[in-house]
Each structure stands twice: as C-alpha cells, then as structure tokens.
Amino acid sequence: MAVISYRDALNQALDEEMTRDDSVLLMGEEVAQYNGAYKVSRGLWDKYGDKRVIDTPITEEGFTGIGVGAAIAGLRPVVEWMTFNFSIQALDQIVNNAAKMRHMSGGQLKVPIVFRGANGPAEYLSSQHSQALATYYAHVPGLKVVAAATPYDAKGLLKSAIRDDNPVVMMEAELLYGIEGEVPKDEYLVPIGQADIKRPGDEVTIISFGKVVHKALDAAKQLENEGISAEVIDLRSLRPLDEEAIIKSVQKTNRCVIVDESWPVCSFGSYVSHIVAHNCFDVLDAQVELISSIDVPMPYNHTLELAVQPSVKKIVRAAKKVLYIED
C-alpha cells in the first residue's frame with residue numbers, strides 16, 4: 001500500500017472524482033494556476049482546464065453562492081475556502097441556501113456541493129485565523145459535516161462527500177496536510193456517518209475528531225505505558241453522528257473523555273457529552289470529562305497559543321481523573 005501525504009490523498013480524491021464525473025468542478029481562491037494555498041489542487045488545472053478548476057476573487061460569500069447555484073442547476077462543485085475562518089463571510093449562503101433548499105422545495109431540489117478547507121488552529125496565526133468552527137456547521141440541519149484525521153479517511157470521505165446529493169462540509173487542518181499514511185491504490189469510499197475505532201481499549205474511552213485525534217492517540221500510548229488501556233474513537237462524521245459507536249464503547253469501558261479543539265461553551269464536544277450522559281448514565285463509573293480549548297480568543301504568543309489548546313498532558317490527566325488515579 002502506498003504511503004502518501006494528507007494533501008496528496010485529497011488531491012487523488014479530487015482527481016479521481018473529476019475523471020469519473022464531468023459535473024465535478026473545483027472553485028476557490030488560488031486553486032488553479034497556484035495549485036491552492038496548501039497545494040491540494042496541484043496539477044488539476046493543468047489536467048482539467050479553467051472551466052473545471054476555477055480561480056475566484058477574494059469574496060467568499062460570492063463564490064460560495066455561485067457554487068450553491070451551480071449545484072442546484074445540476075453540477076457537483078467543490079468549494080475550497082482557504083480556511084474556515086473565511087467561511088464566516090459565507091454563512092448566509094451555507095445556512096440559508098445550501099442547507100435549506102431541499103427542505104423548502106419539498107425535495108424537488110438537491111444541493112450536491114462540498115465545502116472544504118483548513119479548520120482550527122495551526123501556529124502563530126493569532127485569534128482571527130485559529131478558530132475551530134465545527135460546532136457552527138454541525139448545528140445546522142440540512143448539512144452533513146465530516147472531519148478526517150488521516151490520509152486514508154481524507155481520501156475516502158472526500159470521495160463520498162462529492163457523490164452525496166446533500167451539502168457536505170469537510171473540515172481539514174493546516175497541520176494535517178503534511179502527515180503521511182497508507183492509502184490504497186484501488187477504489188474505496190469511507191461512509192459518511194461511521195466512526196472508527198483508531199485504537200481498541202477497555203478501561204477508558206477517548207472520543208475525538210479531526211486533528212486532535214492524534215493527540216488522543218499519543219495520550220493512549222502514554223497511558224498504555226502506565227498500564228492503562230484506552231480506546232480511541234475517531235468520530236470522522238459529526239453530522240450524521242455515529243451514536244451507536246460512542247455508546248457501545250462507553251458501555252464497555254464505563255468511563256469517557258471527550259477531546260474537542262473548539263471553545264467549550266455549546267461546543268460539539270459538549271453535545272457528545274450529553275449523548276454519553278443520556279444514554280450511558282447507568283453504566284458510567286465517573287463523570288464525563290471534556291478537554292477543549294480554553295474559552296479565550298487565540299493568543300499570538302506561541303507558549304500561550306499551545307497552553308490554551310488540548311494537549312496530550314491534559315488528556316492523560318483527564319483519563320486518570322475518571323479512573324480516580326488523579327484529582
């Protein structure tokens with residue numbers, strides 16, 4: 001099996017789907033001649049031309065709206081935002097048009113569009129470019145929301161998203177684009193709505209999604225060195241949510257730690273905490289712990305920037321807390 005980067009896995013997914021279906025197109029800032037801000041679209045403009053790989057002005061609301069219209073008209077656009085921080089400019093198009101057209105037309109209209117880009121903090125980007133916005137999109141009925149942590153999942157989820165007849169929001173991360181992992185050469189899809197057990201265990205469940213899955217896995221390794229068996233659940237899909245996988249794992253371990261890099265108030269991690277409390281109350285041996293970013297705008301100072309985010313140390317401490325090993 002080939003070992004490729006996360007960005008190359010996304011590139012393969014786009015290339016394969018554009019070859020398979022002439023209605024698939026890519027649009028966004030610098031996606032054509034410049035090959036994308038993070039080089040995800042490298043080589044696609046050369047191969048498919050400027051009718052299917054379209055550079056847009058710096059106007060997120062405008063080109064997102066054009067994408068929604070194109071999807072309603074029968075195309076399958078993939079709209080790349082340079083980061084989800086800029087997607088805030090386009091919220092009206094996503095929430096009031098893409099998410100609602102199928103409902104408001106009584107099922108007569110479908111909106112097969114993918115919104116994708118980098119979400120969450122990277123490094124030295126300060127408060128306006130470091131926001132983890134999964135909660136904003138997972139809140140909206142009519143949208144599907146996915147977040148891939150590995151190259152394998154990135155390729156399989158993006159291909160599934162492009163083939164879906166509903167608007168799908170796909171959240172990536174700047175610090176994930178360079179990581180490498182095994183990706184099959186043969187055709188495959190990762191189903192939307194299906195979580196994955198990234199590491200089996202039986203003493204505590206750690207639930208996460210996106211970039212911080214890797215911190216959860218590092219924490220599980222550290223816990224293993226101390227004789228503690230942690231199971232790591234990668235949600236992969238936030239909406240629809242694989243509640244069965246969450247409940248099944250917590251029923252086995254009786255303890256749960258949730259890791260979400262967004263702010264804590266009304267976050268997606270908070271919702272998962274509710275799902276666990278509501279469905280597993282009788283089997284829980286301890287309170288559910290939520291590790292999130294601290295409830296402040298992201299500092300520019302790098303030491304403070306790291307301090308406000310979820311860390312391996314914080315996850316390990318939370319796991320020991322629900323095991324009554326530490327306060």
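Mentor: A residue counts as buried when its relative accessible area is under 20%. Keep that cut-off in mind while reading this model, which is predicted.

Trainee: Is Asp-234 buried or exposed?

Mentor: Asp-234 has 0% relative accessibility, so Asp-234 counts as buried. Asp-234 is part of strand β11, residues 230–234.

Trainee: Which side chain does Asp-234 join in a polar contact?

Mentor: The partner is Lys-198, and the contact between the two side chains is 3.0 Å. Setting aside neighbours within four places in sequence, Asp-234 is also in contact with other residues, including Ala-149, Asp-153, Ser-208, Phe-209 and Val-213.

Trainee: What is the relative accessibility of Arg-76?

Mentor: The value for Arg-76 is 14%, so Arg-76 counts as buried too. Arg-76 lies in strand β4, which covers residues 76–83. The Arg-76 side chain reaches a backbone atom, the oxygen of Asp-164, at 3.1 Å. Beyond neighbours within four places in sequence, the contacts of Arg-76 include Asp-21, Val-24, Lys-110, Pro-112 and Ile-162.

Trainee: Now for sheets. How do strands pair?

Mentor: Strands of a sheet pair through backbone hydrogen bonds, and the direction is either parallel or antiparallel. In this structure, 7 strands make an open sheet with mixed pairing, in the order β3-β2-β4-β5-β7-β6-β12. Strands β3 (53–55) and β12 (237–239) are the edges, each pairing on one side only. From one strand to the next, the twist averages 20°.

Trainee: How many bridges join β2 to β4?

Mentor: There are 5 bridges between β2 (residues 24–28) and β4, and the two strands run parallel. One position to look up is Gly-28, whose bridge partner in β4 is Glu-80.

Trainee: Which strands pair with β13?

Mentor: Strand β10 runs parallel to β13 and is joined to β13 by 3 bridges. In that pairing, Ile-207 has Ile-258 of β13 as its bridge partner. Strand β14 (residues 289–291) also pairs with β13 in the parallel sense, over 3 bridges. There the bridge partner of Val-259 is Ile-291.

Trainee: Where do the side chains of a regular strand point?

Mentor: They alternate between the two faces of the sheet. In β13, Cys-256 and Ile-258 are on one side, with Val-257 and Val-259 on the other. These four residues are all buried, and both faces of β13 are covered.

Trainee: Let us turn to aromatic rings. How many aromatic pairs does the structure hold?

Mentor: A search of the whole structure gives 9 aromatic pairs. Take Tyr-6 and Tyr-177: their ring centres are 6.0 Å apart and their planes stand at 70°, so this pair is edge-to-face. Tyr-6 belongs to helix α1 (residues 6–20), while Tyr-177 sits in the loop between β7 (168–172) and β8 (180–183), so the pair ties together parts 171 residues apart in sequence. Tyr-6 and Tyr-177 are both buried.

Trainee: Why is the pair of Phe-209 and Phe-268 edge-to-face?

Mentor: Planes over 60 degrees apart count as edge-to-face. The planes of Phe-209 and Phe-268 are at 85°, with ring centres 5.8 Å apart, so the pair fits that class. Phe-209 is in the loop between β10 (204–208) and α9 (213–225), and Phe-268 is in helix α11 (residues 268–280), 59 residues away in sequence. Phe-209 and Phe-268 are both buried.

Trainee: Which residues form an aromatic cluster?

Mentor: Trp-81, Phe-84, Phe-115 and Tyr-137 form one. A ring can also have a charged residue over its face: Lys-39 lies over Tyr-34, at 3.3 Å from the ring centre.

Trainee: Last, the backbone. Which peptide bond is cis?

Mentor: The bond from Arg-239 to Pro-240 is cis, with omega near 5°. Pro-240 is in the loop between β12 and α10 (243–253).

Trainee: What is the phi of Asn-254?

Mentor: Asn-254 has a phi near 70°, a positive value in a residue other than glycine. The loop between α10 and β13 (256–259) holds Asn-254. Tyr-324 is not a glycine either, and its phi is positive at about 60°. Tyr-324 lies in the segment after α13 (312–322).

Trainee: Is Tyr-324 buried or exposed?

Mentor: Tyr-324 is exposed, with a relative accessible area of 53%.

Note on methods: Residues numbered from 1 in each chain as written. Predicted model: local features only at pLDDT ≥ 70, side-chain atom pairs only at ≥ 80, totals over all residues. Heavy atoms only, no water. Buried < 20%, exposed > 50% of the residue type's maximum accessible area, 1.4 Å probe, protein only. Polar contact = N/O pair within 3.5 Å; in protein donor to acceptor, adjacent residues only side chain to side chain. Contact = heavy atoms within 4.5 Å. Phe/Tyr/Trp six-rings, centres within 6.5 Å; stacked < 30°, edge-to-face > 60°. Lys NZ or Arg CZ within 6 Å of the ring centre and 35° of its normal. Pairing = 2+ DSSP bridges. Axes fitted to C-alpha atoms, helices over the stretch in contact; angles between N-to-C directions.
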